[in-house]
Structure formats: C-alpha cells, structure tokens
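Please open the model in the viewer and keep the sequence panel visible. The tour proceeds by selection, one stop at a time.

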Amino acid sequence: MTSPPPPPPQPAQGPSRRVRQRRTLAALFLLYIGVLALVVFWPSPVDQGSAGTLKAVLRRLHGMGVPGWVNYSFVENLANALMFVPFGLLGAAWLSERRIWLAAAGGIAASCLIETAQAVLLPNRFATIYDVTANSLGAALGCILVYAWRSRRIPPS
C-alpha cells in the first residue's frame with residue numbers, strides 16, 4: 001500500500017503587520033534619537049548662528065501686528081516642545097493603548113537626563129527647567145495625538 005501524498009508546502013509567512021509596524025517604529029525612533037542627540041549634545045547652542053536673524057524676523061513680524069509675546073523666548077520654548085513631539089508620537093505608537101503614558105514618562109525622563117548632561121558636560125549650553133517643561137509637554141502632546149488617533153470613532157456609513 002502506498003501512503004497518501006504529503007500535503008503541499010505552505011508558503012512561508014513573514015512577520016505580522018503589527019510586528020512589521022513595531023519594527024518600523026523602533027527604527028524611526030532610533031533615527032530620531034540619533035538626530036536629537038546631535039542637537040542637544042552639540043557643544044554650543046544650535047541656534048547661536050541664527051539668533052540675530054530670528055530676532056530681526058520677530059521685529060518685522062511685530063511691526064506687522066504679531067503680538068509682542070511672540071518673542072525669542074516663546075519661539076525657543078515652542079521649538080523645544082516641537083522637538084519632543086516625535087518622542088511621544090513614536091513611543092506611544094509603539095506601545096499598547098494602555099501603556100501610552102510610558103512614552104510621556106520616558107520623554108520627561110529623557111529631558112531631565114539631557115538637561116543634566118548639558119549642565120554637567122557642556123559649559124556653553126544652558127540647562128533650564130523651562131527646557132525640561134517644554135520638552136515634556138512636547139512628548140505628552142505626541143502621546144495625546146496617538147491616543148486621540150486610536151480612540152477616534154468612525155461614523156457608520
């Protein structure tokens with residue numbers, strides 16, 4: 001008696017969509033951390049060469065009616081916040097919905113570590129609590145955006 005033929009081989013299945021997505025997010029996060037490290041650990045402030053230009057642009061904007069509170073300090077704080085939005089976005093997107101808050105906590109911890117390192121290791125940099133606050137708010141905003149995206153309700157058609 002002959003035995004039945006073996007079943008046809010199954011095509012090799014690659015990683016699931018979620019696994020591929022998490023790998024991509026991890027790679028983007030590592031790339032982002034590399035760029036962030038260049039910016040925050042540069043020996044001198046990265047805006048040092050453009051400070052005069054920014055001040056001139058702000059003077060011109062104020063002459064056109066932009067409120068005075070939009071000043072150099074405001075722009076610097078806004079830039080610090082925006083610089084950490086990807087931290088929250090990528091971290092929260094990588095995490096499960098119940099653990100999104102960890103990306104915000106990680107952003108706060110990273111900001112504290114960065115500012116401490118700048119204060120100790122980089123004499124030409126200025127470590128401030130305002131930077132920690134702005135960076136932390138940016139990371140939290142990134143987390144909120146991911147949470148909002150995941151929580152959206154698609155209306156029935």
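Angles between axes under 35 degrees count as roughly parallel, over 145 as roughly antiparallel, 65 to 115 as roughly perpendicular and the rest as oblique. The model is predicted: local features need pLDDT of at least 70 and side-chain atom pairs count only at pLDDT 80 or more, whereas totals for chains, interfaces and linings use all residues. Residues are numbered from 1 along each chain as its sequence is written, and side-chain values use heavy atoms, with hydrogens and water left out.

**Stop 1: α4 and α5**

Select residues 101-121, helix α4, together with residues 129-151, helix α5. Helices here are DSSP runs (H or I, at least four residues), numbered from the N terminus. Two packed helices are described by the angle between their axes and the distance between the axes. The axes are lines fitted to C-alpha atoms over the stretch in contact, and angles run from 0 to 180 degrees between N-to-C directions. For α4 and α5, the axes come within 8 Å and cross at roughly 155°, so the two helices are roughly antiparallel to each other. Their crossing is right-handed (the near helix is turned clockwise from the far one by less than a right angle; anticlockwise would be left-handed).

Next, display the side chains where the helices are in contact (heavy atoms within 4.5 Å). On α4, the residues include A103, G107, I108, S111 and E115; on α5, they include V132, N135, S136 and A139. By class, this contact has eight nonpolar, four polar and two charged residues. Ala, Val, Leu, Ile, Met, Phe, Trp, Tyr, Cys and Pro count as nonpolar, Asp, Glu, Lys and Arg as charged, and the others, Gly among them, as polar.

**Stop 2: α3 against α5**

Keep α5 and add helix α3, residues 72-94. The axes of α3 and α5 come within 6 Å and cross at roughly 40°; the pair is therefore oblique. This crossing, too, is right-handed. Among the contacting residues of α3 are N80, M83, F84 and F87, and among those of α5 are Y130, N135, L141 and R150. The contact divides into 16 nonpolar, six polar and two charged residues.

**Stop 3: N135**

Which residues does N135 contact, leaving aside its neighbours within four places in sequence? They are N80, M83, F84, S111 and E115. N135 lies in α5 and has a relative accessibility of 1%, so it counts as buried. Buried means under 20% relative accessible area, exposed over 50%, and partly exposed in between (1.4 Å probe, protein chains only).

**Stop 4: the cysteines C112 and C143**

Colour the sulfur atoms of C112 and C143. The whole structure has zero disulfides, a disulfide being a pair of cysteine sulfur atoms within 2.5 Å. The sulfur of C143 is 15 Å from the closest cysteine sulfur, in C112, which is too far for a bond. C112 is partly exposed at 35% relative accessible area, whereas C143 is buried at 5%.

**Stop 5: W149 and S3**

Select W149, also in α5. W149 is exposed, with a relative accessible area of 56%. Its C-alpha atom is separated by 9.8 Å from that of A93, 56 residues apart along the chain.

Finally, go to S3, in the segment before α1 (17-40). At 61% relative accessibility, S3 counts as exposed. A C-alpha to C-alpha line from S3 to A110 spans 63 Å, with their positions 107 residues apart in sequence.
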